[in-house]
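Please open the structure in the viewer and keep the sequence beside it. The tour proceeds by selections, each followed by a description of what is found there.

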Amino acid sequence: MSYDFNGQVALVTGAAQGMGFDTARAFAEAGAAVVLSDINERVLQKAVAELEAAGHRVSGVVCDVADEAQVEALVKKTVDTFGRLDMAFNNAGLQVPPCRTAELPASDFDLVNAVNLRGVWACMKHELKQMIAQGRGAIVNCSSVGGLVGLPTLAAYHASKHGVLGLTKSAGLEYASQGIRINAVCPGTISTPMVSKMLEEQPETMQEVLKKQMIGRLGRGDEIAAAVLWLCSSGASFVIGHALAVDGGFTAN
């Protein structure tokens, strides 16, 4: 599918690599001006340079989404640079080492929820303020199949991703009447740097996960990007508060 996002502005967090970068590139190729945000400045600069070299209108902003003040500054910088904010993909997230719940360090629980859950809330909060002023907008939050099911030793991560769906549904209902659509995408196991690290460090756990991905392969970042762009497009104009599984059949088991 192709989209025409000319004249629109998109913001993507966790955009330096993986699904975030693929989605930022897809927005740019569809004509949007794009702000890429990430905590890793070096990799972010490389990503921005690649899109600039391809002739796209992009900007990079370093941001730790766990810090609300940085998120507020990110949204302000987006609007100062491109004049508005039409679409956002709140993708920044992390994983902590697998651990049975009774042995889980509080610091790990707090870290994964600070980024994956509180970070999504902070991004939505400040994106919404701009979109309310404009009278329109579309937000896609990145949950996971881990927001739809549970798996042993991953309680902290799954708790954060379940929380993202609660935020998405509640906020989606709050702002639908103001021309703002909020939905979530729930990726399966996607070929990203984070998943590559997990495959190396947790081979047995990951092999069990992959057995349930009935398509027989890892997902690709561009497949998640396609879902995000559809949710931001007029083709999804009647879709509110939805959790879209893009998981190779994982949750159909």
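Helices (H or I, at least four residues) and strands (E, at least two) are DSSP runs, numbered from the N terminus. Axes are lines fitted to C-alpha atoms, for helices over the stretch in contact, and angles run from 0 to 180 degrees between N-to-C directions. This is a predicted model, in which local features need pLDDT of at least 70 and side-chain atom pairs count only at pLDDT 80 or more, while totals for chains, interfaces and linings use all residues. Residues are numbered from 1 along each chain as its sequence is written, and side-chain values use heavy atoms, with hydrogens and water left out.

First selection: the helix pair. Select residues 18-29, helix α1, and residues 41-53, helix α2; they pack at an angle of about 25°, and their axes are 11 Å apart. The helices α1 and α2 are therefore roughly parallel (angles under 35 degrees). Now display Phe 21, Ala 24 and Arg 25 of α1 with Ala 47, Glu 50 and Leu 51 of α2, the residues that make the contact (heavy atoms within 4.5 Å).

Second selection: the strands. Select residues 87-90, strand β4: Met 87 and Phe 89 point one way, Ala 88 and Asn 90 the other way, and all are buried (under 20% relative accessible area, with a 1.4 Å probe and protein chains only). Add strand β1, residues 9-13, which pairs with β4 in the parallel sense over three bridges (pairing requires at least two bridges found by DSSP). Here Val 12 stands opposite Phe 89. Finally, add strand β5, residues 137-142, which runs parallel to β4 and is joined to β4 by four bridges. In β5, Val 140 stands opposite Phe 89.

Technical notes. Angles under 35 degrees count as roughly parallel, over 145 as roughly antiparallel, 65 to 115 as roughly perpendicular and the rest as oblique. Buried means under 20% relative accessible area, exposed over 50%, partly exposed in between (1.4 Å probe, protein chains only).
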